[in-house]
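Let's explore a structure together through a few questions and answers. Have a look at it first, and then we'll start.

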Amino acid sequence: MSLQVEDLTGGYSSVPVLKNETFDVKDGELVSLIGLNGAGKSTTINHIIGLMKPFSGAIKVNGLQISKDTEKYKQQIAYIPEMPVLYQDLTLKEHIDTTIMAYNLDQKEAWDQANELLKMFRLDKRLDWFPANFSKGMRQKVMIVCAFITNASLYVIDEPFLGLDPLAVDDLLRLIEKKKKAGASILMSTHVLDTAEKYCDRFVLISKGEIQTEGTMDQIREKYPDAGKSLSDIYLSLARDGKNE
Amino acid sequence: MNKIFQKRLSNHLVEMTKYLKYVFNDFFVIALMFFVGGLGYAYSGFLKQLSGNLWWERPVAIVVLLIGLQLGGLATLVKSADKVFMAPKEYQFHSYFSGAFIYSLVMGMIIDLITWFVLMPFLSISIGWGISQLIGLLLVILLLKTGWMAYQVVKLYFQLNHHMVMAFVTELVLPLIILVLALYFNVWAAALLALLITASLLYAASLIKNELLNWNYTIDHEDARMNRIYHFYSLFTEVPELSGRIHRRKYLDPVFKLLKRDQGHLYSNLYLRSLLRDSGPGSLYFRLVIIALILVLIIPNQIIGALMTVIFVYLVGFQLIPFYEHFDSNVFTHIYPVNQKRQLQNFRAIVQLLLLFECFVLLIAMLIARITIPIILITMVVWLIEGYVLTVPYLNKKAKQIRN
């Protein structure tokens with residue numbers, strides 16, 4: 001069991017944004033977090049990666065909690081933010097070196113992997129450039145490369161598809177597939193419902209900081225038989241209902 | 001559109017005044033007075049030696065006037081967001097540029113006026129010009145500046161960058177011909193020719209308003225101009241508009257290689273690279289070290305010189321310490337499985353390294369300045385205490401404040 005979120009309540013000040021969230025991501029599973037802007041997806045992610053402390057409840061990655069084994073907990077997680085975050089004054093090569101240092105990776109092994117990924121994303125000729133000046137899509141690719149050279153057992157990916165070209169989207173999905181086969185868990189938040197429906201094993205729908213529904217495509221269809229067939233239809237009808245309440 | 005320019009111009013002037021206040025600080029004004037005085041004295045001595053009618057006198061005057069003509073570019077005050085927000089009003093931009101043209105022309109003419117004023121005695125001694133010819137020359141260079149500036153407006157509308165030859169001819173060759181004509185033949189004939197060329201350039205500038213504006217060139221040009229100004233100010237004070245500009249500085253790679261590359265030295269690598277590549281605190285460090293070096297070398301009193309080094313070690317350490325939080329806004333520094341204590345240790349090591357380098361430079365300077373060995377030894381002990389206090393108790397306290 002890779003990620004377990006148990007009864008998580010949390011937020012920015014004293015007002016909780018998240019209310020009693022419970023869900024999990026099993027080994028080798030790709031779960032997507034779906035919700036409207038401001039529903040609490042990013043807040044949930046911020047709690048999981050350890051940027052925010054929960055008011056109550058627990059988050060465990062392979063049974064470890066951040067409050068008890070901070071470094072071991074963090075070692076297991078790789079994160080790709082929604083907006084690429086880069087060091088202004090480091091070159092692409094130095095970004096990869098930094099990741100290798102930070103996660104204590106094996107130099108040769110990590111660079112072999114990095115070179116393969118860089119080639120895939122057509123960044124191999126730009127090792128000496130400052131990625132801070134790249135286009136949005138290319139910066140996102142740098143984030144993907146840095147995250148996927150780690151040996152994390154949980155990948156947390158926030159809105160991965162925005163700004164990526166179709167080829168890169170396909171490459172990213174393949175990478176995710178490969179990591180899944182190797183036993184890693186992936187939690188991904190997204191608005192691209194068609195892609196999510198096609199590739200994700202389970203879905204967690206969040207609304208106003210609470211889990212609205214959770215399960216595989218079949219389970220969700222069973223729960224809302226009148227809402228439509230595709231994830232997109234079901235989600236839209238749920239979101240509209242929520243607004244009318 | 002002209003109103004927009006006027007508003008921007010007044011903001012621009014306020015900003016420039018803010019910086020000029022730092023430039024013309026007491027210390028610099030005194031230095032400048034000596035400098036100008038010395039230069040004036042040297043110039044007057046040079047003029048006394050002139051016998052007149054030597055072969056090089058006219059070419060020198062022509063070169064000086066040509067350089068004066070190139071100074072003071074078109075200040076459009078265009079901002080990069082204009083490309084999006086002003087695009088619907090592009091066809092009205094001509095009235096915006098006419099404001100920019102007039103302002104830039106006045107500034108440019110002031111430069112030419114100063115050049116002319118400085119050259120006046122030189123010309124009257126060397127080629128024996130009287131007042132009427134000198135006034136004729138002033139007319140020529142002011143006309144040339146007007147045409148030159150009109151051409152700067154025209155350039156904003158060029159769509160391709162293959163007009164290098166044309167720019168070369170208009171900005172340099174034509175003025176050169178006219179100045180040669182003025183100095184070797186007849187200044188009034190040159191003025192007439194300058195009038196013709198300037199009138200046609202002004203006409204071209206008025207015709208071009210229906211063309212498409214080359215936004216990229218216009219924005220790059222203005223950015224480059226503002227950058228030059230900021231770089232000048234950055235010699236005197238911190239310029240926030242400049243910090244965040246990163247330079248690759250490949251020649252420093254061997255220095256970075258000296259650092260260990262493992263988890264325990266992650267932040268050493270990050271801090272040192274940022275400090276040496278960023279034009280903010282890193283360049284401040286070098287500026288302070290160089291100023292300290294110069295002061296030690298020129299201050300005749302040994303004790304004051306030694307005291308200066310003590311003050312500058314303190315200044316450098318004090319300025320570097322806030323850099324500790326440089327990476328705090330980067331989410332990854334919170335996600336890496338690296339203990340925060342390591343970050344503080346690494347940062348301390350880097351600050352100590354930079355202070356050590358500064359002390360090393362100052363030590364050499366003190367030896368060159370022949371400061372006596374006992375004073376040097378005492379100073380070194382003081383450096384040691386300073387360095388310790390700054391990088392251990394003080395840094396610990398600061399780090400705690402930042403983390404809470």
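Q: What is the radius of gyration of chain B, set beside that of a compact globule of 404 residues?
A: The radius of gyration is taken over C-alpha atoms, and the globule rule is 2.2 Å times the number of residues to the power 0.38. For 404 residues, a compact globule would come out near 22 Å, but chain B has 28 Å.

A quick note: this is a predicted model, where local features need pLDDT of at least 70, side-chain atom pairs count only at pLDDT 80 or more, and totals for chains, interfaces and linings use all residues. Residues are numbered from 1 along each chain as its sequence is written, while chains are lettered from A and ligands numbered from 1 in the order in which they are written.

Q: What does the C-alpha trace of chain B span along its principal axes?
A: Here we follow the C-alpha trace of chain B. Along the principal axes, its spans are about 75 × 60 × 35 Å.

Q: How many of the residues in chain B are buried, as a percentage?
A: A residue is buried if 20 or more other C-beta atoms, placed from the backbone, lie within 10 Å of its own. Of the 404 residues in chain B, the buried share is 29%.

Q: Which percentage of the contacts in chain B with a separation of 6 or more joins residues 24 or more positions apart?
A: Two residues are in contact if their C-beta atoms, placed from the backbone, lie within 7 Å. Among contacts in chain B with a separation of 6 or more, residues 24 or more positions apart account for 84%.

Q: How far apart are the centres of domain 1 and domain 2 of chain A?
A: Domain bounds come from an automatic or database domain assignment, which gives domain 1 (3-76 + 153-244) and domain 2 (84-151) in chain A. Taken over C-alpha atoms, the centres of these two domains are separated by 25 Å.

Definitions and conventions. Buried ≥ 20, exposed ≤ 12 C-beta atoms within 10 Å, placed from the backbone.
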